[in-house]
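The following exercises are to be worked with the sequence and the coordinates at hand. Each task is followed by a solution in steps.

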Amino acid sequence: MTGFTRTVLILSFAAAMSMAATAVSANQFDTVSAASAAEKGCLSCHDGIEQFTDGPMMDTIVDMATDYNDPGGCVICHGGNPAATSKDAAHAGAPKDLTEAGGPHTFYPDPGSIFLGDKTCGQCHPGYAGRLMKSLMNTEAGKLQGNLWSWGVQKDRKVVWGNYTQKDEDGPEPAVGTDAYKTYMVNFATANPDQMPTEMTQVPDVDVNEIPNHPNLAGITYSRQQCQRCHVGVSGREKRGDYRGTGCSSCHVPYSNEGRYEGGDPTISKDLPGKLLVHRMQATRKSKVAHNGIEYSGIPTESCNTCHNRGKRIGVSYQGLMEFPYGSPYDANGEKQPKLHTKNYVFIKDDLHHQIESRPGNPQGGLLCQDCHTSIDMHGDGNLPGTTLAQVEIECEDCHGTVTKFPWDLPLGYGEEHARDVGDVARGLTDELPDYMAFATQYDAQDGYLVTARGNPFGNVVKKGKQVILHSATGLDFEVPVLKQLKIDNTWKSPQAMVAMSAVGKHMESMECYACHADWAPQCYGCHITVDYSKDKTDVDWIKTANAREDNGLSADYPLGTNGLKSSGKVSETRSYLRWETPILGINGEGRVSPLMPGCQVITTVIDKTGKTIVNNEIWNTSEGKGLDHAAVQPHTAGRNARSCESCHDNPKTLGYGIEDGRFMKGYDKGFVVDLETNQGQTIPKQFQVQSQAIPKLDHDLSQIVTRDGKQLVSIGSHWDLTGPLPQAMREKMERTGLCVGCHQNMLNEDLWSKVNSPAFVNNEQHRDVMNRAVNALSRDK
């Protein structure tokens, strides 16, 4: 049995048995006979539950459990007393003879909890819980820093807060990884101490008595109540699409969006939401899940999206979905679509890697998140990363290379230079996998495993002759397009691709691949937030909930129907407007051109405990401009066809000047009344209402980040010094707005125009040919 397989078994048993308290016929399973308990153990009640997995893992757990008279193996993961004849006794602490024999002490409804450490999953996966504890999946440190930056609470880029108080006790060297990776990360942590902290403190609660003096502290309430529910230390929100387990179970136990159990355990209700789908493990290719006539392997994208549907929204964007308020189209009963993650969605276009239609040389089916993202990307490496760029170790070029170099010829650090010279020493290939990858599905190295930008091998991506093959956890194998090979074979999809990637060297040198290949990005302009402390208003506080744990490792939100502990204040929020097309370009933390999307563009109203409005539609200031933040993003909306040249070079919005050069959405700093008025704008009736309240500091469109003379209007990112608008020189060099008039101004000269113009209609192809001939003629003149 591999440790990986065993971990997932632990998780699934956990989720299933935790639901025993809500049995369909609870009384039927309150007691069993002593003979039945002695013979079947936990299965005296749970007979019919799906075998969690197959093969050596299950065999090993069952063998271990024979020492504790539990033929089903449940006690190895869940603890409890398999010999008990009543439910209460079975789910209480284990008897003395078991604990003295080395067995588990307490009953663990969900052994996946990271706070149980070596008592459950860690029996086979030592170190995983500790690494996950420090990872962004648990601390959400970057989210906290970014949000509180926009509220003017966080004054600099240093990461100081997390969901829990933690220290990195063992220094900057990662606990896992190759020697090359460990060396790389020690240097990275030394160079970026603000983004790789050695400790972080649990973000404080808010003293409501301080709100009148410091109303921006309401940003902490906003974070604690609205933003922090997605970390693995809690069980998540009881809403459609948000049901999941805790800790390891968050990913490795299947929950449907409806949260209904569809398995065979008679103690688990099939009528109430909040249950695992089936008692099976989802993990890598070797772990098959069979249900409803379908067999699958890997972790479905929708499991990831129980969390990745807010913030940068990369999960739902990968599926092609963007939240919209309308809820159309209607169903056959005239009802709007059901809310998912409490939102309505419209389908835009899913990421190329997600699309399931077959492609030349590849099978039908898409990639899962885990096919690109590594174990360290998700579980962490034992350090305390403060931002996404600090934890994620992969770049597009790791698999696709560049037009001049194969992936194995690139140096470590390529694609995440952070303004460093990364040299030109080739990273190469490897035929060895580090120990922490031993639990994963093992694939033949062929000519060698490809290596990430930080020096770890991709265990599922190999070189095979001229090909790069990605082995998906789904069971499918894909050939990865390698840019240099495309150039050698001259198999470009279009002349534009050849020009953009091969002829214009600066594109590859200074841009992220997704600067062009992201088809779209969700753009929610304006985050209007009211935090109301009056009339003893409260809501669920996810940090308070997470830090109130029982001995069984579970937080206060775990029992169904509780939703966790509350704190003072109640948040409501809405938007100004939504867009998805042609995202703005800027500079990301790695120093490369990247799409930007609205980050925490907070426009806040705060009401104190007496009901007094302390601030109304306030925009807070950061050290680099208004807290109407735009964040660099990898949108996860890649398309085969890149955005057009014109969408960047002839688009003021892309350059940061706002939609249509920022000429719309003016006047919000004054507000406006809609009623009978004179031609000079005087309101005629005495009784009227303000239709749109003033936002005093909003004197420009929310899509504008910089003026044409180079003044930065708003914050661009909160984590890295390099983030910002495109530099003035770059904007001026790349802008080609108004080029048409360069030729067409000569239409006013009828004699000249009659000599160069065709009286017939000229289509685009003919038009390009005319311009091409003009360029060639000019070159001859010179």
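A residue counts as buried when its relative accessible area is under 20%, as exposed when it is over 50%, and as partly exposed in between. The structure is a predicted model.

**Exercise 1. Burial along a helix**

Determine how many residues of helix H10 (residues 141-150) are buried, and identify them.

Solution.
- Step 1. With the cut-off of under 20% applied, 9 of the 10 residues of H10 prove to be buried, and the helix is therefore mostly covered.
- Step 2. The buried positions are Ala141, Gly142, Leu144, Gln145, Gly146, Asn147, Leu148, Trp149 and Ser150.
- Step 3. Lys143 is partly exposed, because its relative accessible area is 34%.
- Step 4. Just after H10, Gly152 adopts a positive phi of about 75°.

**Exercise 2. Salt bridges and their surroundings**

State how many salt bridges a search of the whole structure finds. Then examine the partners of Lys143, Arg237 and Arg708.

Solution.
- Step 1. The search of the whole structure yields 33 salt bridges. The criterion is a side-chain nitrogen of Lys or Arg within 4 Å of a carboxyl oxygen of Asp or Glu.
- Step 2. Lys143 pairs with Glu140, and their closest N and O atoms are 2.6 Å apart. Glu140 counts as buried because its relative accessibility is 6%, whereas Lys143, at 34%, is partly exposed.
- Step 3. Arg237 and Asp242 form a salt bridge through their side chains, with an N to O distance of 2.7 Å. Both Arg237 and Asp242 are buried.
- Step 4. Arg708 forms a salt bridge with Glu735, the closest N and O atoms being 2.9 Å apart. Arg708 lies in the loop between strand E22 (690-692) and strand E23 (714-716), and Glu735 in the loop between helix H27 (728-734) and helix H28 (740-744), so the pair ties together parts that are 27 residues apart in sequence.
- Step 5. Within this pair, Arg708 is partly exposed at a relative accessible area of 37%, while Glu735 counts as buried at 18%.
- Step 6. Arg310, Arg313, Glu323, Glu573 and Arg575 are joined into one network by salt bridges that share partners.

**Exercise 3. Backbone geometry in loops**

Which residues other than glycine, in the loops between E6 and E7 and between E12 and E13, have a positive phi? Describe also the peptide bond from Ser328 to Pro329.

Solution.
- Step 1. As a reference, most residues other than glycine have a negative phi, and most peptide bonds are trans.
- Step 2. The peptide bond from Ser328 to Pro329 is cis, with omega near 0°. Pro329 belongs to the loop between strand E6 (321-323) and strand E7 (345-347).
- Step 3. Thr342 is also placed in the loop between E6 and E7. Its phi is positive, near 70°, and Thr342 counts as partly exposed at 36% relative accessibility.
- Step 4. Lys535 occupies the loop between strand E12 (523-532) and strand E13 (538-540). The phi of Lys535 is positive as well, near 55°. Lys535 is exposed, because its relative accessible area is 74%.

**Exercise 4. Two residues and their contacts**

Is Gly586 buried or exposed, and which residues does Gly586 touch beyond four places in sequence? Answer the corresponding questions for Val422.

Solution.
- Step 1. Gly586 is part of strand E16 (residues 585-587). With a relative accessible area of 0%, Gly586 is buried.
- Step 2. Contact means heavy atoms within 4.5 Å. Leaving aside residues up to four places away in sequence, Gly586 touches Arg592, Val593, Ser594, Leu596, Gly724, Pro725 and Leu726.
- Step 3. Between Gly586 and Asp519, 67 residues apart in sequence, the C-alpha to C-alpha distance is 16 Å.
- Step 4. Val422 is located in the loop between helix H19 (397-400) and strand E8 (449-451). A relative accessible area of 22% makes Val422 partly exposed.
- Step 5. Under the same exclusion, up to four places in sequence, Val422 touches Pro411, Leu412, Gly413, Tyr414 and Glu417. The C-alpha atoms of Val422 and Pro411 are separated by 6.7 Å, and the two residues are 11 apart along the chain.

**Exercise 5. A charged surface patch**

Which residues gather in the patch of negative charge on the surface?

Solution.
- Step 1. The patch consists of Glu169, Asp170, Glu173 and Asp179.
- Step 2. Asp170 is found in the loop between strand E2 (166-167) and helix H11 (179-191).
- Step 3. Patch residues need over 30% relative accessible area; Asp170, partly exposed, has 46%.

Definitions and conventions: Residues are numbered from 1 along each chain as its sequence is written. This is a predicted model: local features need pLDDT of at least 70, side-chain atom pairs count only at pLDDT 80 or more; totals for chains, interfaces and linings use all residues. Side-chain values use heavy atoms; hydrogens and water are left out. Patches are made of residues with over 30% relative accessible area and no salt bridge: like charges are joined within 9 Å, nonpolar side chains (Val, Leu, Ile, Met, Phe, Trp, Tyr) within 5 Å. Accessible areas come from the Shrake-Rupley method with a 1.4 Å probe; for residues, only the protein chains shown count as cover. Lys and Arg count as positive and Asp and Glu as negative; His and the chain ends are not counted. The place of a charge is taken as NZ of Lys, CZ of Arg, CG of Asp or CD of Glu. Helices (H or I, at least four residues) and strands (E, at least two) are DSSP runs, numbered from the N terminus. Buried means under 20% relative accessible area, exposed over 50%, partly exposed in between (1.4 Å probe, protein chains only).
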